[in-house]
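Here is a short walk through one part of a protein fold. Keep the structure open and follow along.

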Amino acid sequence: MQRPAWVSEGDTWSSRAIVVGAVAGVAGILAARNGTDRLGVAAATVVTLAGFGAKLRWPGLSPLVLASWTFSPAIALNLAGRGEAAMFLLVVAVSFLVLETPDQRTRLVAGSVALLSPAVIQAIHPQDWGWPYWMVGLGFGWLSSEQMRRFRDLATELAATRELLAERAVDAERRRIAAELHDVVGHSLTVVLLSVTGARRLVRSDPDGATRALLEAEAVGRASLAEIRGSVRGLRDAEAGGPGVAPMPAAGDLPELVDRMVAAGSPVDLDIRGDVGAVEVVTGLVVYRVVQESLNNAARHAPGTPARVAVAVADDAVDVEVFDAGTGPEAAGSPGVGLLGMRERVEAVGGTFQAGPVPGGWRVRAHVPRLGSA
């Protein structure tokens with residue numbers, strides 16, 4: 001949504017002040033008591049409008065010069081006892097200066113001068129005119145312009161905040177998509193490569209076993225392709241879970257995940273305590289991805305070594321621990337984005353994540369809070 005013109009950067013309000021000042025000048029001329037007063041109000045109007053135009057022509061014009069230029073005509077006329085209606089111009093002038101001047105102290109001084117000017121004029125040149133009412137009108141114009149400044153600053157700040165939040169949302173979504181694709185593609189390729197490696201080793205000694213391994217690789221590839229398509233459809237569909245969108249994996253799918261790894265030749269022992277099927281969607285997806293990426297890392301960096309997965313489901317959180325007898329991704333010299341992605345997923349839901357070498361191998365630990373039912 002585009003910001004309105006009145007809060008756009010660089011808007012000086014000069015053109016608006018000229019229009020309003022011209023209207024006030026015409027009203028003052030019509031309200032003048034005689035031809036001399038009308039001539040005086042007309043001259044004061046021209047001088048005041050010229051000051052507004054000068055601000056438009058020279059945006060860096062000093063507030064002191066602007067105040068002297070636009071305040072003086074109306075004050076001078078009334079000190080001479082002529083052109084009370086010219087005070088309309090002073091109301092416009094003080095309102096314009098407050099809107100144009102960023103320094104609060106300068107606005108306070110200018111507003112005070114304008115507000116007190118009717119009383120000073122009356123003290124210097126006593127006359128029968130409505131100076132108390134002009135003080136009220138000047139005060140109202142001053143305070144209204146101050147309030148308009150606050151609205152303008154607030155609108156500008158809100159627009160900047162909205163743009164910042166939009167950028168952060170895009171960045172967060174980009175990270176989420178990257179993590180999803182990394183987990184889905186990385187897991188499928190890992191399992192496929194394990195199956196293909198097993199088939200290559202069995203192709204001569206056990207042709208039937210090699211065929212089974214290749215069929216397993218084909219099945220995993222097709223399932224992963226379907227999952228990727230479902231994820232893409234989910235990103236394109238504004239309504240989560242729309243028609244034809246495959247559900248995201250959850251904690252209840254961990255046994256199937258482990259079975260695929262075992263079938264591909266990676267020995268994995270799964271220990272589940274509690275009802276993983278009852279884990280909520282968001283928490284379950286995080287748990288699934290942590291186990292998936294940990295087993296992928298184990299298969300990539302320590303193929304054939306046994307791994308152990310322990311999942312404990314409590315009322316308020318799910319604790320995950322994955323241990324393998326390998327050296328871990330950091331020992332390979334390029335840990336990649338897998339560890340970072342797991343950490344970001346866990347911390348995004350308020351959990352804690354640890355990964356590192358331990359005696360005898362590599363261990364990943366995650367404490368994932370349960371976020372309530374979906």
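Two strands count as paired if DSSP finds at least two bridges between them. With that in mind, look at Asp271, which stands opposite Ala310 in E2. The model is predicted.

Now take the strands around that pair. E1 and E2 run parallel and share six bridges. E1 covers residues 268-273, and strand E2 covers 307-313. Both belong to an open sheet of five strands. Reading across, the order is E1-E2-E3-E5-E4, and the pairing is mixed. The edges are strand E1 and strand E4 (352-358), each of which pairs on one side only. Neighbouring strands of the sheet are turned by 10° against each other on average, with direction ignored.

Move to the other edge. Here E4 meets strand E5, residues 361-369, in the antiparallel sense. Seven bridges link E4 and E5. One place to look is Pro357, whose bridge partner in E5 is Trp362.

Helices pack on this sheet. Helix H8 (residues 254-263) touches E1 and E2. The direction of H8 makes about 170° with that of E1. Helix H10 (residues 338-348) touches E4 and E5. The direction of H10 makes about 150° with that of E4.

Next comes helix H9, which spans residues 281-301. Together, E1, H9 and E2 form a β-α-β unit, and this unit is left-handed. H9 has 21 residues and reaches 30 Å from its first C-alpha to its last. That is close to the 30 Å expected at 1.5 Å a residue. How many of the 21 residues of H9 are buried? The count is 17, so the helix is mostly covered, given that buried means under 20% relative accessible area.

One residue of H9 deserves a closer look: Thr283. Is Thr283 buried or exposed? Its relative accessible area is 0%, and the cut-off for buried is under 20%, so Thr283 is buried. What does the side chain of Thr283 reach? It reaches the backbone oxygen of Pro369, at 2.9 Å. Leaving aside residues up to four places away in sequence, Thr283 touches Val318, Val368, Pro369, Arg370 and Leu371. Of these contacts, Val368 and Pro369 fall within the 361-369 range of E5.

To recap, the sheet has five strands in an open arrangement. H8 and H10 pack on the sheet. H9 joins E1 and E2 in the left-handed unit, and Thr283 in H9 reaches Pro369 through its side chain.

Note on methods. Residues numbered from 1 in each chain as written. Predicted model: local features only at pLDDT ≥ 70, side-chain atom pairs only at ≥ 80, totals over all residues. Heavy atoms only, no water. Helix = DSSP H or I, 4+ residues; strand = E, 2+ residues; numbered from the N terminus. Axes fitted to C-alpha atoms, helices over the stretch in contact; angles between N-to-C directions. Contact = heavy atoms within 4.5 Å. Buried < 20%, exposed > 50% of the residue type's maximum accessible area, 1.4 Å probe, protein only. Polar contact = N/O pair within 3.5 Å; in protein donor to acceptor, adjacent residues only side chain to side chain. Expected span 1.5 Å × (residues − 1). Right-handed = clockwise from strand over helix to strand, strands pointing away.
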